[in-house]
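Reader: I'm new to this structure and would love a close look at a single part of it. Could you pick one helix, tell me how far to trust it, and walk me through what it packs against?

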Amino acid sequence: MAESSAAGLAGIELEDARNPRRSSASAAAPTSQAEDGVVVSVARGSQPAVSNTSFASVRSRSTIQTAQRLSMARLVSDMSEGESQAVDRSTGGGSLTFWQAVSSIVLTMVGAGINVLPSVAAQVGFVPACILILVCYLVITECGMLTLSALDTLELSRGAAAGPLANWEQLVKPILGPGAEKLMRLSNTGVLLGAIILSATLQTQSIVELLPGSWFCGARANQEECGKQLALLVRLLMVLPLLVGFALIRDMAQLSRLSPLGVFGMCLQVSALIVGFALQLLSNGPSPVDTWTPGGTIPNSLGLGAANFYFSFSAVLCLPNIRSQMQQPQQAGAMFRMSMVITIYLYGAVMLLGYGTFGSSVKDNVMVAVAETEPLIGRIGCLGLLLNCSVSIPIYYFIVMKSCGDLSEQTAFRASVMVVLVLVSVVFKSLKATIGLVSSVFLVINSAYFPLTTFYVQQQTQGASGRPPVSSLRQNAHILVAVFSGLVLIFGFQGAFHELLQEYFPDAPAEQRSTV
């Protein structure tokens with residue numbers, strides 16, 4: 001009896017919630033119901049009349065009372081069945097498996113930035129490069145875990161199943177407010193700009209290396225100018241349509257189907273780099289390297305190097321979206337740690353071998369140096385880089401576009417943003433300086449300060465339900481993370497800005513550049 005009464009009441013209330021007109025009409029008119037000897041009569045503005053019953057209910061126009069009575073009806077039904085309904089957080093309803101999510105994170109990080117690491121090591125020195133990349137790895141890993149903890153806590157407080165928070169804006173706005181959400185959107189756009197500039201430049205260089213050497217320039221006297229014209233044509237006629245086509249993909253599940261192609265490209269890219277380094281080392285031996293930071297302004301050089309390493313580990317921005325699309329979102333922490341471990345091993349091998357092979361003369365894009373010394377291996381690596389970037393950049397672009405709301409569903413908007421970003425990339429020449437500028441200004445905020453701020457503000461305002469207390473040792477470590485990130489922001493920006501000035505104004509006196 002209790003089960004049927006509760007089910008009937010639940011059905012009435014649920015129908016009222018779905019149909020406001022029916023609810024208001026029924027509230028305005030007298031209502032009577034009979035169910036197993038229970039008679040309830042309710043008239044607007046009157047007290048309920050109850051006869052021959054031990055159970056009565058009042059239909060109210062109040063939304064709060066309606067929700068409470070619906071919950072009570074469900075509770076009575078659950079008790080009559082001897083069961084209790086619990087929120088199942090074991091599945092998020094996504095389509096990504098554990099290893100598909102790992103490959104998505106690794107592809108996002110390893111995509112294009114790995115080719116710049118030997119040049120970064122040449123700028124900061126062997127020992128500082130090893131220390132900085134390890135510190136940045138630890139910082140980003142900790143900030144990623146703070147992000148996942150904040151996502152879990154917010155979802156538990158709302159009673160939602162795991163995985164509904166699909167981007168950073170949904171996490172930042174309820175905790176830090178609308179102003180922080182706007183800042184997050186701005187910083188996301190800045191990071192996306194840097195990623196597109198890097199990817200478009202490296203893809204352009206890869207396609208140029210894959211083309212026959214003399215088919216365009218031939219015997220022209222000014223080979224350098226001809227090479228610039230060829231690169232511009234490749235960027236506009238080949239790279240731009242390729243990136244715009246991938247930018248129109250609106251579903252992470254569709255991108256995940258391309259992940260095997262991206263993984264294959266990454267394997268080709270990294271394998272070609274390591275084989276090319278090995279062949280060059282066997283032929284010519286190792287090149288001289290600087291153990292410590294070479295000449296120049298040391299804080300700026302170290303800051304620019306750390307900013308490039310921050311960019312290389314730019315995975316925190318992708319975490320909410322990839323986590324929300326996992327089949328088992330509660331595995332996001334293990335997934336992220338595994339992704340970071342795979343990435344740090346790949347980075348360490350390419351950075352140290354590339355720097356040891358070419359020394360201080362290594363190019364910004366080390367794949368070009370490999371192609372010059374080992375043409376076949378270099379072309380294989382360029383093909384892998386092209387495939388890798390073609391998959392990794394759309395993942396990044398998709399995640400940033402999700403924060404644009406309804407605009408992200410418009411094909412014209414998605415395509416036009418990509419067109420503008422690729423055109424802007426023509427202006428920037430130095431890869432390290434561009435990455436350093438974008439990373440020091442935007443990525444430090446996204447990858448360090450937003451996770452730290454969100455975690456501790458949530459701790460104070462919403463409590464830490466189900467979250468273990470933060471030890472004093474970990475709190476001190478977070479202080480060091482904030483200080484280190486601040487130094488990267490200041491000196492990374494200065495180093496990148498000075499290098500851009502030197503690139504665009506090579507004849508300007510050094511004293512003028514140093515006063516900026």
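Author: Let's take helix 14, because confidence in this predicted model is highest there, at a mean of 94. At the other end of the scale is strand 2 (residues 38–42), where confidence is lowest, at a mean of 39. For the chain, the mean pLDDT is 77, and 74% of the residues reach 70 or more. Do take care with residues 1–91, where pLDDT stays under 50. The model does have 97 contacts beyond four places in sequence for that stretch, but where pLDDT is low, the predicted coordinates should not be read in detail.

Now to helix 14 itself, which covers residues 332–358. One of its partners is helix 4 (residues 98–110). The two pack at an angle of about 40°, and their axes are 9 Å apart. Helix 4 and helix 14 are therefore oblique to each other, and their crossing is right-handed. On the helix 4 side, the contact is made by Phe98, Trp99, Ala101, Val102, Ile105, Val106, Met109 and Val110. Helix 14 answers with Ala334, Met335, Met338, Ser339, Met340, Ile342, Thr343, Leu346 and Tyr347. Sorted by class, the residues of this contact are 15 nonpolar, two polar and no charged.

If you look at the numbering, you may like a general rule for reading such lists: an α-helix has 3.6 residues a turn, so residues three or four places apart point the same way.

Next comes helix 5 (residues 117–124), which also packs with helix 14. Here the angle is about 60°, with the axes 8 Å apart. Helix 5 and helix 14 are therefore oblique to each other, and this crossing, too, is right-handed. From helix 5 come Leu117, Pro118, Ala121 and Ala122, which meet Tyr347, Val350, Met351, Gly354 and Tyr355 in helix 14. That contact has eight nonpolar residues, one polar and no charged. Tyr347 is worth finding on your screen: this residue of helix 14 takes part in the contact with helix 4 and also in the one with helix 5.

For a contrast in handedness, turn to helix 12 (residues 298–312) and helix 18 (residues 431–461). Their axes come within 8 Å and cross at roughly 65°, and the crossing is left-handed. Among the residues in that contact are Leu304 and Phe311 of helix 12, along with Lys432 and Leu443 of helix 18. By class, the contact has nine nonpolar, four polar and one charged residues.

Note on methods: Residues numbered from 1 in each chain as written. Predicted model: local features only at pLDDT ≥ 70, side-chain atom pairs only at ≥ 80, totals over all residues. Heavy atoms only, no water. Axes fitted to C-alpha atoms, helices over the stretch in contact; angles between N-to-C directions. Helix = DSSP H or I, 4+ residues; strand = E, 2+ residues; numbered from the N terminus. Parallel < 35°, antiparallel > 145°, perpendicular 65-115°, else oblique. Left-handed = near helix turned anticlockwise from the far one by under 90°. Contact = heavy atoms within 4.5 Å. Nonpolar A, V, L, I, M, F, W, Y, C, P; charged D, E, K, R; others polar. pLDDT = per-residue confidence, 0-100.
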